[in-house]
Amino acid sequence: MPEWKPPTQAEVEGYFKRLNNWGRWGSDDQRGTLNLITPEKRAAAVALARRGRVVSLSRDLTAQQPTLDYHMLCPVRRGNSKAAVDYVGMVFHGLGVTHMDALCHVEFQGQLYNGRSFDDNVRFGGAQWGALDVWFDGVVTRGVLLDVAAGRAEGYIDISKPVTPPELDAAAARAGIKVESGDVVVIRSGRETYEAAKTSLTSSISPGSFAVGARPGLHISCLEWLREHDVAAVTWDMLDEYPVGYHGIDFGVHLGIPFLGLCLIDNAFPERLVAACAEEKRYEFLFVAMPLRIAGSTGSPCQPVAIF
């Protein structure tokens with residue numbers, strides 16, 4: 001693997017000016033990197049679904065999920081018949097639920113993507129700028145799997161050993177693919193393997209250890225790689241590392257939201273996809289992710305799928 005040196009504090013502070021997409025698709029644009037998915041790109045991606053095999057990249061929602069308020073109300077009687085119904089309430093942002101982040105979710109120095117004020121546009125009752133509404137038609141494009149964890153001896157990314165840009169290149173090379181403009185990259189950092197390993201080391205760490213305290217993930221310098229490759233969206237299991245490791249920088253790759261207008265699909269479950277890609281002997285596929293149509297929202301639970 002090529003020698004890699006982390007960027008300096010000054011270089012990271014310069015990311016906003018050097019990488020941002022503000023004005024690239026017009027000053028009133030709210031679609032961000034999903035503009036990179038052209039009709040031609042989408043049509044070519046649909047052609048990748050040759051066998052009709054569908055693989056879910058979503059985590060299960062269970063009654064044990066700490067951010068989920070779930071009740072099955074059973075039975076409900078209608079005449080001589082019964083029906084079972086459910087109530088579900090959740091905080092989907094965070095580290096448990098597979099969800100899509102809208103562009104109003106994260107700001108930088110008070111500003112959302114394309115320079116709108118966070119305080120003026122994100123209030124109770126719904127966001128006025130960068131809300132999920134402009135992405136209601138979902139994401140349909142070419143997806144590629146970058147299994148970074150497979151390149152680690154441990155089989156997972158660990159704390160203080162984040163994913164680096166050369167590792168993303170190495171994962172693409174192992175898969176025999178070239179990341180193209182408008183792609184969704186599905187990045188596997190090995191969250192399940194990590195949690196199993198940490199649980200086995202000490203009983204004080206629960207299977208939810210990834211969500212506690214410092215966590216492993218992508219180094220903030222991966223923002224450069226994502227901008228260079230014009231990635232339309234990132235679907236990942238471990239997110240960005242925390243803490244970020246740079247003074248005054250509280251978000252890592254999530255700064256792709258205000259800087260690039262980047263679509264992030266957090267807390268994916270890529271394990272089924274790893275097996276499917278090996279069986280299909282290809283690491284590109286039709287990628288589809290549809291959010292709920294929650295008007296004015298900062299995001300939505302969603303189920304991304306890969307179709308072969």
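A cavity here is a set of grid points where a 1.4 Å probe fits but cannot get out. The model is predicted, and the tour starts at its enclosed space.

**Stop 1: the cavity.** The structure has one cavity of 30 Å³ or more, and the volume of the largest is about 30 Å³. To display its wall, select Val 12, Glu 13, Tyr 15, Phe 16, Phe 108, Ile 220, Ile 249, Leu 255 and Phe 259. Colour this selection by residue class: eight are nonpolar, one is charged and no polar residue takes part. Next, highlight helices α1 (9-13) and α2 (15-19), each of which supplies at least two residues of the lining.

**Stop 2: the ring cluster.** Keep Phe 16, Phe 108 and Phe 259 from the cavity lining. Add Trp 22, and the selection becomes a cluster linked by ring pairs.

**Stop 3: a tilted pair.** Over the whole structure, a search gives six aromatic pairs. For one with its geometry, select Phe 285 and Phe 308: the ring centres are 5.6 Å apart and the planes meet at 55°, so the pair counts as tilted. Phe 285 lies in strand β11 (residues 284-291), while Phe 308 is in the segment after β12 (299-307), so this pair, 23 residues apart, links distant parts of the chain. Switch on a surface and look for the two residues: Phe 285 is buried, at 0% relative accessible area, and Phe 308 is buried, also with a value of 0%.

**Stop 4: a charge over a ring.** Finally, select Arg 116 and Trp 129. The charged end of Arg 116 sits over the Trp 129 ring, 3.9 Å from the ring centre.

Technical notes. Residues numbered from 1 in each chain as written. Predicted model: local features only at pLDDT ≥ 70, side-chain atom pairs only at ≥ 80, totals over all residues. Heavy atoms only, no water. 1 Å grid on protein atoms, 1.4 Å probe; cavity = no way out; pocket = protein on both sides within 12 Å on 5 of 7 lines; lining within 4 Å. Points joined across faces, edges and corners; volume = space filled by probe spheres on them. Helix = DSSP H or I, 4+ residues; strand = E, 2+ residues; numbered from the N terminus. Nonpolar A, V, L, I, M, F, W, Y, C, P; charged D, E, K, R; others polar. Phe/Tyr/Trp six-rings, centres within 6.5 Å; stacked < 30°, edge-to-face > 60°. Buried < 20%, exposed > 50% of the residue type's maximum accessible area, 1.4 Å probe, protein only. Lys NZ or Arg CZ within 6 Å of the ring centre and 35° of its normal.
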